[in-house]
Every structure is written in C-alpha cells, then in structure tokens.
Amino acid sequence: MRQPDSRTLKPDHSPGWRSQSTSMFGHDAEDALMTAVELMNTAPSAGGNDALGDLAALVDLVERHEVSAVGRLTERDLLQVRELRTRLLAIVDLVEQPDAAAELVNEVVAGARATPRLSDHDARHWHVHYFALDATLAEHLAADCGMALARVISDGELDRVRRCAADDCDHVLVDLSRNRSKRYCDSRRCGNRLHVAAYRERRRAAASA
Ligand SMILES: [Zn+2]
C-alpha cells in the first residue's frame, strides 16, 4: 500500500537550493541529497534531539520528499532508517578521508541491494531508480542517497556536503552554489543569524560612509 500522496507539501526549510544553481549533480541526485540531508539532520548529533522520534515523523519525512513506492511502515523501518542515518553522517564526516568515505558509500549501496532501473512512474520523465523492487524503506533510501553521495564523491565534491559553519550548529547542508559560498544551513535559527549579520554589516557600512 502506498502512503497517501502529499505532493503539495514542501519541506519546512523551504529549499532555495533549486534557484542557487542549475543542476550540479543531476536533479535526481540532488533530490536524493536533500532527502539525505534532512534525514541526517533529524539525528541527535546534528540537532540535539531525535527528530525521527516516532513512526509519524518517518512517514512525514517520506511524504515531504515524495519517496515513491513506499509500503506500510513499521517500527522496524524506523529503526533501520535511524541506522542508515548514522552511516550517512559517518560518510559526511569523512570529508578529509575520501577513500574511507568511498568505502562506506560502497557498503551502504551494496547493503541495499541496489538495482539500477529506468522508471517513468507517475507520468514523470524516464529517470533511474536504484532501489530494488522489493526494497525496504531503509534499503530504498540507502540506494538512492548512497548513489547520490557516490556521484558527489566521484565528482570530487564531497566537501559540498558538510556541517553548518555556525559554532553552535551541527546541521548538515548541501552547498550547490557555484562559488561554494554557502556557509550556514537552512534552519530558521541559522537563516535568522545570517539576516542579522547582513543587517549589522549594512549599518556598519552606512556609519563609516
Ligand atoms: Zn546551521
């Protein structure tokens, strides 16, 4: 059974990332990266409390990211997805050791029994799915997020997926800007901080003019 369709719902941190660049890694990979980032940011080590605390939170995440072909989810799925989240964070934190990161990505993708397959579901253009037809949700996410990270690593761009630069924020972000100018994550707190800093900068500039 599919989860109810929620195509109109958008993530809380409404991503400005689409407008920041034409597709750097391909739209499908970038979609998967955004899903991976939101998943990672539910972890206690990224946000302080577990934002994937119950099944409802998992269903919510899956719906907001329009993960296709998802059956009825159980507590087991929740545990498996939390485990995947830990592995994805480990990959991102290996930015200084790309060999080890690559090895972990290979493990994640192989463990998911990834099976590349062209699909045109829901009247979308042909695109590649990596998850096996009988994949669990965790395997599905592992295949898609793992392959997206594989693309990023093979392009030598793993440092674009990194922790927020704010001292008191451990969120993960994806920097798709051409000049790698993104420093802070899209959380409300860091977004506000950015606005305040820009405001102070403008006042300083005006005062010294
Ligand atoms: Zn942040």
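**Exercise 1.** Leaving aside neighbours within four places in sequence, which residues is V152 in contact with?

*Solution.* This is a predicted model: local features need pLDDT of at least 70, side-chain atom pairs count only at pLDDT 80 or more, and totals for chains, interfaces and linings use all residues. Residues are numbered from 1 along each chain as its sequence is written. Apply the contact cut-off: C-beta atoms, placed from the backbone, within 7 Å. V152 then touches F25, E157, L158, R160 and V161.

**Exercise 2.** Place V152 and decide: buried or exposed?

*Solution.* V152 belongs to helix α7 (residues 137-154). Helices are DSSP runs of H or I, at least four residues, numbered from the N terminus. Buried needs 20 or more other C-beta atoms within 10 Å; exposed means 12 or fewer; partly exposed lies in between. V152 has 25 such neighbours inside 10 Å, so V152 is buried. Now go across the sequence: E30 is 122 residues from V152, yet their C-alpha atoms are 9.6 Å apart.

**Exercise 3.** Check the length and burial of α2.

*Solution.* The expected span is 1.5 Å times one less than the number of residues. Helix α2 (residues 27-40) has 14 residues and reaches 20 Å, close to the 20 Å expected. Eleven of those 14 are buried, among them E30, L33 and V37.

**Exercise 4.** Where do the buried residues of α5 fall, seen down its axis?

*Solution.* Start with the buried set, which includes L78, V81, L84, R85, L88 and V92. These buried residues fall within an arc of 145° (directions from helix axis to C-beta atoms), so they line one face. The face turned away carries exposed E75, R76, L79, E83 and T86.

Key: Helices (H or I, at least four residues) and strands (E, at least two) are DSSP runs, numbered from the N terminus. Two residues are in contact if their C-beta atoms, placed from the backbone, lie within 7 Å.
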